[in-house]
Amino acid sequence: MSLLKPGHRGCAGCCDALAGKFVLDALGEDCIVVSPTGCLEVFTTPYPESAWGVPWIHSLFENAAAVASGVEAAFKALGKKNNTKIIAIGGDGATLDIGLQAISGAFERGHDITYICVDNEAYMNTGVQRSGATPLYASTTTSPAGKVSFGNPLHKKNMPAIIAAHGSPYVATASVSYAPDMMKKVKKAAEIKGPTYVHVHAPCCTGWKFDGSKTIEVGKLAVETALWPMYEMENGVVTNVRKLKNRKPVEEYLKIQGRFKHLFAMEGGTGEIKKIQAIADWNVKHFGLE
Amino acid sequence: MRQRMVVVEGSYAVAYAVKVCRPNVISAYPITPQTHIVEDLSQFVADGEMNCEYMNVESEFSAISALIGASASGARTYSSTTSQGLALMHEALFNAAGMRLPIVMTVVNRALSAPINIWNDQQDSISQRDTGWIQLYAEDVQESADMVPQIYKLSEDEDVLLPSMSCMDGFILSHVYEPVILLEQDLTDEFLPSYDPEFILDPKNPMSFGAFADPSTYTEFRYKQEKAMETALIKIEEIANEFSDRFGRYYGGLIDSYALDDAEIVIMAMGSVIGTIKDTIDILRSEGESVGLLKIRSFRPFPADAIRKALNKAKVIITIDKNISLGKNEGALCTEVKACLYNSDNRVPVIGFMMGHGGRDIPVNMIIKIINKAKLVEKGIFIESEFADLREDLA
């Protein structure tokens with residue numbers, strides 16, 4: 001049985017539950033998991049129950065990296081560090097927005113921790129509000145599409161680049177739709193000494209408005225359209241890229257999600273889709289995806 | 001007697017006390033007037049005199065957050081902060097207390113902005129009253145230092161398991177040079193056993209910390225925190241007595257008194273102003289005045305029973321507050337003392353004086369002034385609470 005036990009309260013088709021399971025499958029029992037506030041935290045630990053088969057701690061929304069660094073410092077001070085992996089698993093809001101300062105501090109200090117961002121591109125736990133990871137033109141409850149709005153007007157923050165700028169020895173992007181690749185990267189990140197980072201793209205059926213049976217399919221389309229480039233960076237240099245053989249147009253990814261449906265219904269929407277296609281094209285060029 | 005007195009800065013005495021308590025993880029962010037404590041600790045670490053992880057974090061919020069992780073991992077932890085830094089920690093203070101992590105922190109009391117002011121009052125820690133942290137207030141440098149092992153022992157007691165603030169007045173205590181006895185390592189080791197908690201983050205015995213509690217379970221977590229505070233009321237006294245037995249120094253447990261037994265006018269206060277009050281009482285007693293002091297050492301848990309029992313002959317109580325609850329025109333001590341007497345047989349009039357804000361000095365003549373005001377109660381003139389040291393030209 002997985003170390004993330006069944007019986008938790010995740011939605012059917014939940015990306016967070018997949019991510020949590022893959023992380024623990026990759027790392028095994030000898031790890032400590034720190035969770036900031038978020039879906040994964042809430043649905044796995046309704047007191048007195050817990051789905052975690054490894055030691056787990058949740059403190060607050062914005063401090064997971066600081067808590068993880070304190071765990072690491074304590075293990076070092078008490079002479080218990082050995083091979084125990086100290087892992088933070090945070091959502092995009094906890095990572096890109098409210099927890100960014102604590103992450104910056106922890107990475108600068110060089111703790112031997114791995115931070116995993118499970119990015120479902122909005123504040124899902126509180127009801128699909130916009131975050132710094134919400135992509136251009138996604139409709140969320142605080143960046144809704146409307147008569148004079150195509151939805152979120154801002155671009156997704158480039159978190160892996162921010163982490164790489166801290167001198168992290170290993171930064172990778174991954175997707176819950178590519179489980180073996182994700183597990184390989186998580187394991188590698190945990191085994192490399194120092195602060196490492198894996199940014200996992202995670203389609204949320206509830207927030208993105210698609211059927212829960214399609215989570216893997218949606219995640220694959222993000223990769224196949226080049227909207228989610230998969231790469232590894234070692235010491236700031238891109239060392240490995242997942243190449244695309246038959247790149248798909250972004251419409252194929254957008255049209256199966258309710259959060260983008262307004263782009264196909266509103267006047268001028270298809271013109272705006274070109275801006276999203278331009279993001280994919282930039283990714284292809286920047287990361288050499290083809 | 002092998003104890004040797006040295007003249008050191010207050011911050012050094014506290015840092016030295018922390019050192020002999022052997023914390024495993026220290027995490028702190030610099031802020032005046034706390035800096036000298038963490039600088040001294042950093043030097044101890046740099047000189048190899050302390051075997052601990054010292055974390056230079058990027059904010060007070062991460063300072064306390066890191067200690068939450070470290071404490072849950074079984075480490076003895078320490079931080080120090082003040083004013084804005086303590087305010088920045090606010091959210092995490094509730095969290096540390098709710099998770100029952102015995103983190104120890106020295107709060108070097110300072111005013112809060114705006115206007116920005118780096119000098120002493122106690123608005124910072126008073127404003128954290130309801131976070132679930134134990135709060136003890138020290139009178140002088142020796143007590144500030146001696147309080148450190150006492151609150152470690154208190155916080156880590158398995159029937160308490162609450163975080164604690166040891167509060168010392170900024171500059172007045174942190175930057176003053178006084179003759180003190182530095183805590184001896186061997187005596188401290190005998191007094192303070194190593195920290196060996198039952199519940200820790202350990203891959204061999206996985207547990208979940210910080211779970212989600214719904215309305216069916218949340219209340220009992222709060223209740224148990226309150227029960228732990230009630231246990232702390234007893235333990236604070238016991239630990240102060242044990243410290244006295246081992247080290248020969250005693251500052252009171254929950255409260256302390258000076259010329260109190262027969263006093264008709266009783267002054268209640270916390271922190272470094274206690275020394276000035278004692279001097280004032282000496283002067284007034286020599287003139288035949290019936291004045292005494294009830295020192296509040298523990299503000300949380302609040303020693304209501306101890307206060308009621310200590311007031312024998314009091315006809316009027318004066319409270320001194322270096323803080324204010326704006327919109328109530330009262331300091332916290334005034335409100336608390338009134339509340340603890342209201343349902344008792346001894347409903348003595350309580351007059352609150354707010355003073356010493358933002359570092360304004362409280363000299364002996366100011367204490368005499370408020371005592372004279374309080375005497376007017378006998379004539380039926382009643383002052384509820386007021387700023388005692390206002391400048392007429394600015395007010």
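Here are some questions and answers about the predicted model shown above.

Reader: Let's begin with chain A. Which radius of gyration does chain A have, and why does it agree with a compact globule?
Author: Happy to start there. Chain A has 290 residues, and a compact globule with that many would have a radius of gyration near 19 Å. The value for chain A agrees with this, because it comes to 18 Å.

Reader: What share of the residues of chain A count as buried?
Author: Burial here means under 20% relative accessible area. Chain A, with its 12 helices and 10 strands, has 290 residues to sort in this way. The share that count as buried is 59%.

Reader: And how much of the accessible surface of chain A belongs to carbon and sulfur atoms?
Author: The whole accessible surface of chain A comes to about 11,000 Å². The part that belongs to carbon and sulfur atoms is 55%.

Reader: In chain A, what part of the contacts with a separation of 6 or more is between residues 24 or more positions apart?
Author: Good one to ask. The contacts considered are those in chain A with a separation of 6 or more. Within that set, residues 24 or more positions apart account for 68%.

Reader: Now to the pockets. Which element gives the most to the lining of the largest pocket?
Author: The largest pocket holds about 1,500 Å³ of space, and 45 residues line it. Elements of chain B that each supply at least two lining residues include helix H3 (60-72), helix H4 (83-98) and helix H8 (218-247). With six residues, the one that gives the most is H8(B).

Reader: Which residues lie closest to the centre of the second largest pocket?
Author: About 790 Å³ of space lies in the second largest pocket. Its lining has 34 residues, and the closest to its centre are Asp121(B), Gln123(B), Ile324(B), Leu326(B) and His357(B).

Reader: How many residues of each class are in the lining of that second largest pocket?
Author: Among the elements of chain B that give two or more residues to this lining are helix H5 (123-126) and helix H11 (332-342). By class, the lining of the second largest pocket has 13 nonpolar, 14 polar and seven charged residues.

Reader: Last, the cavity: which residues line it?
Author: A search of the whole structure finds one cavity of 30 Å³ or more, and the volume of the largest cavity is about 40 Å³. Its lining divides into four nonpolar, one polar and two charged residues. They are Gln122(B), Met270(B), Val273(B), Ile320(B), Asp321(B), Lys322(B) and Leu333(B).

Conventions: Residues are numbered from 1 along each chain as its sequence is written. Chains are lettered from A and ligands numbered from 1 in the order in which they are written. This is a predicted model: local features need pLDDT of at least 70, side-chain atom pairs count only at pLDDT 80 or more; totals for chains, interfaces and linings use all residues. Side-chain values use heavy atoms; hydrogens and water are left out. On a 1 Å grid over the protein atoms alone, a cavity is a set of points where a 1.4 Å probe fits but cannot get out, and a pocket is an open set with protein on both sides within 12 Å along at least five of seven lines; lining residues have an atom within 4 Å of a point. Grid points are joined across faces, edges and corners, and a volume is the space filled by probe spheres set on the points. Ala, Val, Leu, Ile, Met, Phe, Trp, Tyr, Cys and Pro count as nonpolar, Asp, Glu, Lys and Arg as charged, and the others, Gly among them, as polar. Helices (H or I, at least four residues) and strands (E, at least two) are DSSP runs, numbered from the N terminus. The radius of gyration is taken over C-alpha atoms; the globule rule is 2.2 Å times the number of residues to the power 0.38. Buried means under 20% relative accessible area, exposed over 50%, partly exposed in between (1.4 Å probe, protein chains only). Contact means heavy atoms within 4.5 Å. Accessible areas come from the Shrake-Rupley method with a 1.4 Å probe; for residues, only the protein chains shown count as cover.
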